[in-house]
Amino acid sequence: MKSLAERPENPVVGVAVAHEHGAEHATGSALYTDDLIVRHQNVLHAWPLQAPHAHARVTSLDVAPALEVPGVARVLTAEDVPGINDVGIKEDEPLFPSEVMFHGHAVCWVLGESLEAARLGAEAIDVEYEPLPSLITLTEAIAAGSFQGRQPTVSRGDVETGLANGTHRYSGEFEFGGQEHFYLETHASFAYVDEGGQVFVQCSTQHPSETQEIVAHVLGLDNHDVTVQCLRMGGGFGGKEMQPHGFAAIAALGATLTGRPVRLRLTRNQDITITGKRHPYHASWEVSFDEDGRLQALRATVTSDGGWSLDLSEPVMQRTLCHIDNAYWIPNVEVHGRVAKTNKTSQTAFRGFGGPQGMLVIEEILGRYAPLLGLDPTELRARNLYVSGQSTPYGQPVRHAERLAEIWGQVHQRADVRGRRRDIEDFNATHPDTRRALAVTPVKFGISFNLTAFNQAGALVHVYRDGSVLINHGGTEMGQGLHTKMRQVAATALGVPLETVRLAPTRTDKVPNTSATAASSGADLNGGAVKNACEQIRDRLADVAARKFNIHPDDVRFVDGTVTGIGFHGREMPFAELAHDAYFQRISLWAAGYYRTEGLHWDADRMQGEPFKYFSYGASVTEVEVDGFTGAYRMLRTDIVHDVGDSLSPLIDIGQIEGGFVQGAGWLTLEELRWDESDGPSRGRLTTQAASTYKLPSFSEMPEEFNVHLFEKATESGVVYGSKAVGEPPLMLAFSVREALRQAAAAFGPEGHSVRLASPATPEAVFWAVQDARRAHAEGGDSHSRGAREDVAGPASATVAGPANDAVSAAASASGDFPDAAAATGR
């Protein structure tokens with residue numbers, strides 16, 4: 001392969017183009033999995049029988065009454081499984097359970113001529129349960145010692161000495177919620193068996209190869225007997241990485257047993273009550289700072305709520321531990337991870353894959369203790385940013401750490417942080433019942449799968465005799481614009497116009513053994529594979545052109561559909577003509593491409609190595625306004641500077657940054673999952689089952705002014721056309737929203753007041769934080785929120801005015817936007 005990062009003359013990558021199917025999405029003409037049933041006859045519809053207990057044993061299951069319901073064709077139970085009755089990767093997720101593990105667990109599935117018939121059939125089934133004790137909350141699971149999977153530890157240095165020698169030492173704990181994926185398209189699968197016995201599954205899945213494998217072992221078949229296709233998804237966000245497999249298996253099993261096509265599409269209520277979510281977490285810690293406010297040591301235990309089975313909880317926890325430092329140098333670290341087992345849905349991948357949860361812990365620590373250190377939170381963060389030559393707690397050098405300082409200074413300048421802080425002070429001085437605040441937070445996020453084997457991809461590229469191009473690759477399109485980027489990569493590598501390149505749906509019989517479209521690696525991996533395939537074809541075509549022009553193949557150039565050579569201004573030929581000539585010379589015009597990410601190593605037992613190809617960097621500034629009477633708030637303005645390397649598709653990337661930020665703000669401020677924790681008959685029931693009870697961010701929650709800037713001159717070597725991933729990192733830019741709300745609540749209290757803010761920071765949570773701040777003010781300046789559960793060792797109001805991080809200071813001084821040390825201490 002030629003240089004992966006180098007771009008040719010007039011590349012198609014880097015050009016702002018619209019989403020490949022944006023118009024079809026907007027007009028409703030784009031087809032999704034469930035739309036495909038209209039092309040088939042005699043389709044059966046699947047409906048689950050969901051258990052009304054959080055934990056129970058199925059003592060009897062009589063399906064005969066269902067079969068008497070008009071229109072019911074069959075009821076699928078464990079006895080019908082010809083292969084393995086399990087759809088997990090840890091062999092702990094029976095497709096048809098004999099023990100109900102969460103409220104809403106599907107114990108069997110009814111197939112009907114219509115959805116209504118299947119629903120009525122499920123209601124007719126006679127099932128008896130023996131209720132069993134259940135664990136619903138994370139607190140209950142920790143107290144009961146209910147854990148599952150491995151308990152990894154990441155460590156560096158001497159934590160005990162670092163804690164003992166710190167000038168300021170604190171301890172605390174923090175519990176924060178999960179998040180519902182709430183993709184627009186619920187889980188959907190459609191399966192049929194062709195005349196040769198091949199099982200064909202259309203599925204809304206981020207991981208077609210794994211869906212293929214799970215379906216095959218449930219049916220007792222080889223992988224080559226099953227083909228899975230993903231046309232497109234109406235959103236995924238990680239929720240369709242592992243969880244589609246069971247639904248695809250139900251559809252495929254029904255099609256195999258009945259000989260008829262089977263459609264399974266969950267209603268919104270079923271989707272929310274059956275499928276997993278972002279993991280809620282509990283964290284406890286001890287932390288120390290030196291006299292200048294620099295982190296010295298962190299000892300922490302983080303526990304995730306994994307739900308009833310492991311799913312992806314172990315790798316999610318690994319990434320949590322690898323991101324608990326966020327963008328900050330911590331010389332002495334010891335962090336333990338645990339996965340709790342509860343009677344809830346099996347929590348799963350979600351945009352950021354555990355990284356946001358780890359990063360939230362350190363941001364909570366810095367935000368909570370900055371007032372106690374006598375430092376502005378922005379100054380405290382700046383002093384602790386990574387600089388060149390430092391490495392992460394798991395041993396990976398932080399390459400291009402200088403970008404953090406540059407981005408930090410640039411976002412200060414673009415957002416006019418200094419000037420707006422003066423305006424905020426003036427506003428707060430004249431508005432006793434409303435407060436504004438502004439916060440700045442950074443992001444450092446590692447890109448690649450922690451499991452090294454997943455960092456590979458394939459592609460299949462066809463050039464036809466007329467010069468048109470068809471590409472297949474292993475990545476899936478869930479609205480993020482991956483297919484658009486892949487077309488741009490192929491057009492650039494072949495030197496043809498974008499409109500000559502078409503992309504085929506993702507399917508396992510075209511590109512096998514693919515990794516999930518996840519970990520923000522879709523463009524990196526599949527782009528490398530597409531580029532490799534295109535270069536194979538281009539090199540063959542260059543030989544044909546070289547003979548025609550009587551020049552060396554290395555001197556042939558492909559630009560915008562025209563083929564010429566260095567110094568040849570009068571001789572050229574269309575790409576289509578060259579493809580035609582190559583065919584008649586019996587030159588292959590198709591190629592299978594392959595890419596594997598180089599330079600990765602990860603020891604999961606030691607939690608040491610270099611698991612990431614690179615780090616994505618970013619910073620955001622958010623200003624909020626809080627109503628002291630209600631806790632209601634507005635996001636007045638957000639400014640973002642984010643590093644995507646040399647963007648493959650700027651319009652797509654800006655959209656991803658905006659969308660990721662808003663989704664992150666939803667997780668941190670609005671989206672609250674609640675379960676019935678009572679001892680009554682509905683214990684374990686998810687009470688936030690619809691958009692009417694689960695608050696999603698909408699246009700009204702968008703920043704009133706929203707500015708996104710792509711960090712410039714940021715070529716990343718060793719990545720396709722110098723680009724960087726964009727899917728997950730922007731979600732963590734939303735930390736600035738939560739930290740601004742913390743500071744706005746603190747503004748109602750005395751100077752040095754430390755705010756403890758719940759997550760999600762709903763208006764209710766902000767209201768109570770404001771009340772605590774006002775109470776502290778009335779009581780004469782208590783520096784802690786009422787009821788704070790932290791012990792403080794060392795002076796609580798120390799005056800700290802040491803030098804800021806040199807690199808950050810230099811960048812900020814140049815822009816004139818960084819507060820000086822005296823201002824930072826509030827003196």
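Are Asp639 and Arg637 buried or exposed? I opened the notebook with that pair. Asp639 is buried, and Arg637 is buried too. I am working from a predicted model.

**Entry 1: salt bridges**

I looked at how Asp639 and Arg637 meet. Their side chains form a salt bridge, with N to O at 2.7 Å. I then asked for the total. The structure holds 52 salt bridges.

I looked up Glu764 and Arg674 next. Their side chains also meet in a salt bridge, at 3.9 Å from N to O. Glu764 sits in helix α19, residues 763–778. Arg674 sits in the loop between α17 (650–669) and β30 (705–710). The pair therefore ties together parts that are 90 residues apart in sequence. I checked accessibility for both partners. Glu764 is partly exposed at 47%. Arg674 is partly exposed as well, at 41%.

I also noted a network. Salt bridges with shared partners join Glu363, Glu364, Arg368, Arg381, Arg738, Glu739 and Arg742.

One more pair went into this entry. Arg634 forms a salt bridge with Glu625, and their closest N and O atoms are 3.0 Å apart. Is Glu625 buried or exposed? I found 13% relative accessibility, so Glu625 counts as buried. Arg634 has a relative accessible area of 35%, so I logged Arg634 as partly exposed.

**Entry 2: the four-stranded sheet**

I traced an open sheet of four strands. The order is β17-β28-β29-β30, and the pairing is mixed. Which strands stand at the edges? They are β17 (434–447) and β30. Each has a single partner strand, so one side of each has no neighbour in the sheet. Neighbouring strands here are turned by 15° against each other on average, direction ignored.

I followed β17 into its partner. Strand β28 (residues 614–627) runs antiparallel to β17, and 14 bridges join the two. One position I wrote down is Gly446, which stands opposite Phe615 in β28.

Then I looked for helices on this sheet. Helix α13 (residues 417–430) packs on the sheet and touches β17, β28 and β29 (633–642). The direction of α13 makes about 145° with that of β17. Helix α18 (residues 735–746) lies across β17, β28 and β29. I read its angle to β17 as about 150°.

**Entry 3: the three-stranded sheet**

I moved on to another open sheet. Three strands form it in the order β22-β23-β24, with antiparallel pairing. The edge strands are β22 (556–559) and β24 (573–574), each of which pairs on one side only. How many bridges pair β22 with β23? I count four bridges between β22 and strand β23 (residues 562–565), in the antiparallel sense. Val556 has Gly565 in β23 as its bridge partner.

Helix α15 (residues 522–549) lies across β22, β23 and β24. It runs at about 120° to β22.

**Entry 4: nonpolar cores**

I listed the cores. The largest nonpolar core has 162 residues. Trp285 and Phe289 have the most contacts inside that core. Which helix gives the most to it? The answer is α15, with 13 residues. Apart from this core lies another, of 33 residues. Cys203, Val215, Leu253 and Leu264 are among its members.

**Entry 5: Ala216**

I looked up Ala216, which lies in helix α6 (residues 208–219). Relative accessibility is 0%, so Ala216 counts as buried. What does Ala216 touch, leaving out residues up to four places away in sequence? I found Leu221, Asp222, Asn223 and Val226.

I also took the separation of Ala216 from Gly446, the glycine that stands opposite Phe615. The two are 230 residues apart in sequence. In space they are 33 Å apart, C-alpha to C-alpha.

**Entry 6: Asp376**

I ended on a loop residue. Asp376 lies between α10 (355–369) and α11 (377–384). I found a relative accessible area of 18%, which is under the 20% cut-off, so Asp376 is buried. The side chain of Asp376 reaches the backbone nitrogen of Thr378 at 2.8 Å.

Key: Residues numbered from 1 in each chain as written. Predicted model: local features only at pLDDT ≥ 70, side-chain atom pairs only at ≥ 80, totals over all residues. Heavy atoms only, no water. Buried < 20%, exposed > 50% of the residue type's maximum accessible area, 1.4 Å probe, protein only. Contact = heavy atoms within 4.5 Å. Salt bridge = Lys/Arg side-chain N within 4 Å of Asp/Glu carboxyl O. Pairing = 2+ DSSP bridges. Axes fitted to C-alpha atoms, helices over the stretch in contact; angles between N-to-C directions. Polar contact = N/O pair within 3.5 Å; in protein donor to acceptor, adjacent residues only side chain to side chain. Core = buried A, V, L, I, M, F, W, Y, C linked by side-chain atoms within 4.5 Å.
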